[in-house]
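Me: Could you walk me through how to read this model, feature by feature? I would like the general idea each time, then the case at hand.

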Amino acid sequence: MNRRSDLETVTDLRQWFQGSVHEAMHRNALSAGRLTERYVADLLVQYSRSERLYEVTEEGSGLKPLAFMYQDAMESPSEEVRRQNLQRLGDIALFIAGYFAESLSRKSVDVDYYAGMGGAAYNSLAETPPRNFDALEVNEVFRELAEKFTAFMDVLAEVGHMAHGNGDQSILRLYETWMHTGSPRARRKLEAMGVIPNESSTSRRHH
């Protein structure tokens, strides 16, 4: 098990995530723009602090269901707030479905739901008319994330593997992930374990 976190003293978390995301993209043969790669690394840095991931409510801290996040976005009082809500929805969906995909095995919804909701949120942001050149560049980042959502899920899963090892990567969970999302990484892992996914017996959906 490659427990890099056990072996290395990480003094710069941003630098570590940038290097890990770059390495994971190379392992997964994923090509993406420089700004998109940086955005994904920054997302990991941001949610490495639990207070930025979880919301504090009267019932305590936790994650709001994606459907409620979408409702918040649609009922936003302004365009700026709508963009913020959609961005958080896309970011949370990508982070959970990629870095913590294993946690979804105990949920009523699976990774395909997260991929659908997150990809749709990023696509909506990409389609928002840009106000200036900087906004146009950001829109292109969201467009790439929407189009390659499943591939970036694989990248975050790879980064999680670098950090935590693969002790919880069961064959069954890999097979479920492949069936629901068509994840190339999950398929490669299965084939490396001697399991050949059966294309004709799945309910696989593409995003």
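Me: Let's begin with Ala-120: how exposed is this residue?

Reply: Happy to start there! This is a predicted model, and in it Ala-120 has a relative accessible area of 47%, so with the upper cut-off for this class at 50% it counts as partly exposed. Ala-120 belongs to helix 7. The C-alpha atom of Ala-120 is 9.1 Å from that of Leu-86, although 34 residues separate the two along the chain.

Me: And where is Ala-29, and is it buried or exposed?

Reply: Ala-29 sits in the loop that joins helix 2 (13–27) to helix 3 (34–46). With a relative accessible area of 72%, Ala-29 is exposed. The backbone deserves a look too. Most residues other than glycine have a negative phi. Ala-29 has a positive phi, near 50°.

Me: How much should I trust the prediction?

Reply: Look at the average first, then at the weak stretches. The mean pLDDT is 82, and 80% of the residues reach at least 70. Residues 1–9 stay under 50, and the model gives this stretch 15 contacts beyond four places in sequence.

Me: What is the overall fold pattern along the sequence?

Reply: Along the sequence the pattern runs α-α-α-α-β-β-α-α-α-α-α-α-α, made of 11 helices and 2 strands. Of the contacts with a separation of 6 or more, 67% join residues 24 or more positions apart. Buried residues make up 42% of the 207 in the protein. The exposed surface is about 11200 Å², with carbon and sulfur atoms supplying 51% of it.

Me: How can I check the geometry of a helix, say helix 8?

Reply: Compare its expected span with the distance between its ends. Helix 8 covers residues 133–147, and at 1.5 Å a residue its 15 residues should span 21 Å; the end C-alpha atoms are 21 Å apart, so the two agree. Burial is the next thing to read along this helix. The buried residues of helix 8 are Ala-135, Asn-139, Val-141, Phe-142, Glu-144, Leu-145 and Ala-146.

Me: How many aromatic pairs are there, and how do I tell their types apart?

Reply: There are 9 aromatic pairs, and the angle between ring planes tells you the type. Trp-16 and Phe-17 are edge-to-face, with centres 5.3 Å apart and planes at 75°; both residues are buried. The Phe-95 and Tyr-99 pair is stacked, because the planes lie at 10°, with 5.5 Å between the ring centres. Phe-95 and Tyr-99 are both buried as well.

Me: Why might those two rings face each other along a helix?

Reply: Start from the helical repeat. An α-helix has 3.6 residues a turn, so residues three or four places apart point the same way. Phe-95 and Tyr-99 are 4 residues apart in helix 6 (residues 79–99), which means about one helical turn separates them.

Me: Which residues touch the most other members of the largest nonpolar core?

Reply: That core has 48 residues, and those touching the most other members are Leu-94, Phe-95, Tyr-122, Leu-145, Val-155 and Val-159. Among the elements giving two or more residues to this core are helix 2, helix 3, helix 7 (111–127) and helix 9 (149–164). Helix 6 contributes the most, with 9 residues.

Me: What does Tyr-122 touch?

Reply: Leaving out residues up to four places away in sequence, its partners include Leu-43, Gln-87, Asp-91, Leu-94 and Leu-145. Tyr-122 also belongs to one aromatic cluster with Tyr-39, Phe-142 and Phe-149.

Methods. Residues numbered from 1 in each chain as written. Predicted model: local features only at pLDDT ≥ 70, side-chain atom pairs only at ≥ 80, totals over all residues. Heavy atoms only, no water. pLDDT = per-residue confidence, 0-100. Contact = heavy atoms within 4.5 Å. Expected span 1.5 Å × (residues − 1). Buried < 20%, exposed > 50% of the residue type's maximum accessible area, 1.4 Å probe, protein only. Phe/Tyr/Trp six-rings, centres within 6.5 Å; stacked < 30°, edge-to-face > 60°. Core = buried A, V, L, I, M, F, W, Y, C linked by side-chain atoms within 4.5 Å. Areas by Shrake-Rupley, 256 points an atom, 1.4 Å probe, with all protein chains shown as cover.
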